[in-house]
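The report that follows describes how two protein chains meet and how the two copies are arranged with respect to each other.

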There are 2 protein chains.
Amino acid sequence: MNRPRIVVDGMGGDGGPAVAVPAAEALVGAADILVVGREEDLRAHASAHSRLRFVHAAEVLGPDDSLSSVLRQRPDASVRRALEFAAAGQADAVVSGCDTAQLMALARHVLGMVPGLRRPAIAKVMRGVAGRFWMLDLGANLECDESALEDFARMGSVAARALGGIDAPRVALLNIGTEANKGPALLGRAAQRLEHAPDLRYVGFVEGNRLFDDLADVVVCDGFAGNIALKSVEGAASMATFLLRRAVTRLRPLQRLGLWLMRNAVADLAEEIDPRRYNGASLFGLDGVVVKSHGSADRTGFEAAIEEAIEQARSDMPGLLRRAFHDDRSAPRREEEKA
Amino acid sequence: MNRPRIVVDGMGGDGGPAVAVPAAEALVGAADILVVGREEDLRAHASAHSRLRFVHAAEVLGPDDSLSSVLRQRPDASVRRALEFAAAGQADAVVSGCDTAQLMALARHVLGMVPGLRRPAIAKVMRGVAGRFWMLDLGANLECDESALEDFARMGSVAARALGGIDAPRVALLNIGTEANKGPALLGRAAQRLEHAPDLRYVGFVEGNRLFDDLADVVVCDGFAGNIALKSVEGAASMATFLLRRAVTRLRPLQRLGLWLMRNAVADLAEEIDPRRYNGASLFGLDGVVVKSHGSADRTGFEAAIEEAIEQARSDMPGLLRRAFHDDRSAPRREEEKA
């Protein structure tokens with residue numbers, strides 16, 4: 001696949017087309033990009049000779065629309081139309097900034113799941129001290145049994161292999177201690193399963209304070225714990241930013257000169273840790289690539305989400321997931337569960 | 001109470017007496033401090049004219065000692081002897097760096113709980129953008145019902161009032177969204193209870209990314225979520241430190257000069273965010289003040305834990321907790337629960 005075909009929901013997210021259209025335009029060299037939404041609004045934010053394609057969709061979902069109305073009464077919503085392009089095989093990936101629950105429900109309804117999987121998991125690629133790692137679930141599944149956690153481990157391993165080029169990704173379970181008897185009983189049972197899965201390389205429990213220390217390539221957790229962990233990391237980052245900014249306001253003249261001398265290094269670091277560069281959560285397990293951009297993303301953030309979608313489309317993540325969940329190994333295990 | 005009487009377990013923690021004794025000595029001006037442990041080891045780390053008092057205890061607990069052996073077969077363990085001083089009314093607070101589960105089990109056994117409470121909660125004072133807040137439980141109670149969460153809210157409110165001087169502390173529940181229907185059903189039920197408790201000022205759900213934003217003075221969670229959140233914050237802090245250090249190694253000569261000009265500001269900030277200054281988790285709900293120092297704490301960290309104990313002893317936290325859990329309001333509610 002040389003030029004992945006990406007469909008962008010031009011109306012999702014707080015910024016709507018003012019964010020989505022310029023972001024899509026910035027990446028039109030890397031992919032064929034179709035933007036769905038109110039055509040007039042979309043074109044208003046496009047350049048005169050835009051290489052984007054636009055498809056009109058009259059409806060825009062709001063955060064207060066109930067899931068049942070989203071599923072049953074909004075056939076011409078931009079995000080739904082975007083997903084339908086993927087379901088019809090006319091697009092390789094979908095990017096939207098709309099509400100997560102709405103996107104999940106619609107994506108599951110329109111695209112369906114990879115056979116053998118029940119619900120999507122929200123995954124995010126994170127950057128640690130020695131490279132990237134994948135963390136899931138981050139909020140789609142609040143209560144999980146050990147079988148769901150094993151599914152997450154397998155999906156994360158597929159991603160780390162396909163997107164990270166890691167041959168045998170190390171899988172860890174997020175827990176509150178590293179000893180085998182620590183944490184809820186569910187995690188002990190999940191550890192046993194992961195240890196015995198021949199296609200997974202389980203390395204044990206990991207605690208939040210070691211999350212970034214290159215102990216694992218895939219960190220698995222239920223959606224509640226994952227969401228708490230991810231947002232706590234964000235909270236710590238925003239507290240750190242606050243403290244740094246306040247320290248800058250307190251600098252004396254010579255210290256300000258020092259900061260000025262360092263300005264390029266500070267700018268490099270600021271760019272390196274810019275959270276917008278890490279925007280884009282993936283819905284793994286769907287029979288298609290769907291990337292969720294943060295509702296408050298700006299153009300830079302939305303671009304990162306489109307880039308994530310391009311990367312996954314190039315790797316054919318859904319095809320890899322189908323194979324991972326349909327080989328000889330998993331079939332008997334799934335039968336045995338039913339018994 | 002002018003000079004609180006503090007008893008320090010001199011043998012707990014990785015550093016043992018080499019950490020605990022010098023830390024205690026640094027604070028001997030602020031409190032009467034008794035150090036319990038192998039007297040020879042303790043004295044070896046004390047100054048020649050130390051004003052500390054030493055009490056010999058022959059046994060030292062190790063991390064591999066089972067809870068049942070800790071409870072039944074180690075009568076002369078330093079931490080147990082320390083707790084017994086508090087139980088006998090001869091000390092106002094206990095500080096130990098020993099294993100958390102061992103300390104909790106022993107403290108509950110030796111000191112007992114404030115009537116009406118079942119198990120201690122681990123609480124920590126955190127520093128946000130506008131002041132301190134208290135977060136609990138951080139790992140003592142992995143599964144909690146709404147009644148336990150209400151207990152935590154009440155204990156945290158007592159602490160914020162007594163230690164933080166906050167008249168009507170704002171209580172929030174840690175969750176993965178702020179809307180009423182977000183998160184596990186348990187949190188919805190807990191929210192209802194907190195809203196109807198006349199002695200609590202419940203302000204809603206708080207997410208991890210807003211933890212430090214001065215939205216609440218007391219953040220309540222079950223021990224699993226709290227531990228995940230706290231450690232994820234620590235993980236983010238250590239990742240930030242790693243990135244800053246690496247950025248420093250990459251500085252060019254003029255940028256190094258800039259850093260040198262800023263060295264005092266950098267040192268001030270480093271001191272301000274020094275995690276050792278925030279060492280010391282409290283076991284709330286015990287009929288006595290018990291502060292747990294991190295196992296890996298150094299002298300500066302251990303001092304912070306002793307300071308926390310002094311502050312709680314001065315405020316008579318156990319007395320305040322007894323009153324908070326024994327007034328007219330709580331009695332009927334507790335009866336009704338039994339029915």
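In this predicted model, 4 salt bridges are found across the interface of chain A and chain B. One of them joins the side chains of K231(A) and E207(B), with a distance of 2.4 Å from N to O. Between chain A and chain B there are also 8 residue pairs in polar contact, counted where both residues have pLDDT of 80 or more.

On the side of chain A that touches chain B, two or more residues come from each of the elements β5 (121-128), α8 (223-249), α9 (253-261) and α10 (263-273) of chain A. Of these, α8(A) gives the most, with 18 residues. The residues on this side of chain A divide by character as follows.

| Class of residue, side of chain A that touches chain B | Number |
|---|---|
| Nonpolar | 28 residues |
| Polar | 13 residues |
| Charged | 9 residues |

The contact as a whole takes 50 residues from chain A and 49 residues from chain B, and the two chains bury about 4,100 Å² between them, with 73% of that area on carbon and sulfur atoms.

As for the arrangement of the copies, chain A can be laid on chain B with an RMSD of 0.0 Å by a turn of 180° and a shift of 0.0 Å along the axis. The two copies are therefore related as by a two-fold rotation axis. In chain A, the C-alpha nearest this axis belongs to G258(A), at 1.8 Å from it. Because 98% of the interface residues of chain A are also interface residues in chain B, the copies meet through the same surface.

Key. Residues numbered from 1 in each chain as written. Chains lettered and ligands numbered in written order. Predicted model: local features only at pLDDT ≥ 70, side-chain atom pairs only at ≥ 80, totals over all residues. Heavy atoms only, no water. Contact = heavy atoms within 4.5 Å. Buried area = accessible area lost by both parts, 1.4 Å probe. Polar contact = N/O pair within 3.5 Å; in protein donor to acceptor, adjacent residues only side chain to side chain. Helix = DSSP H or I, 4+ residues; strand = E, 2+ residues; numbered from the N terminus. Nonpolar A, V, L, I, M, F, W, Y, C, P; charged D, E, K, R; others polar. Least-squares fit on C-alpha atoms with pLDDT ≥ 70 in both.
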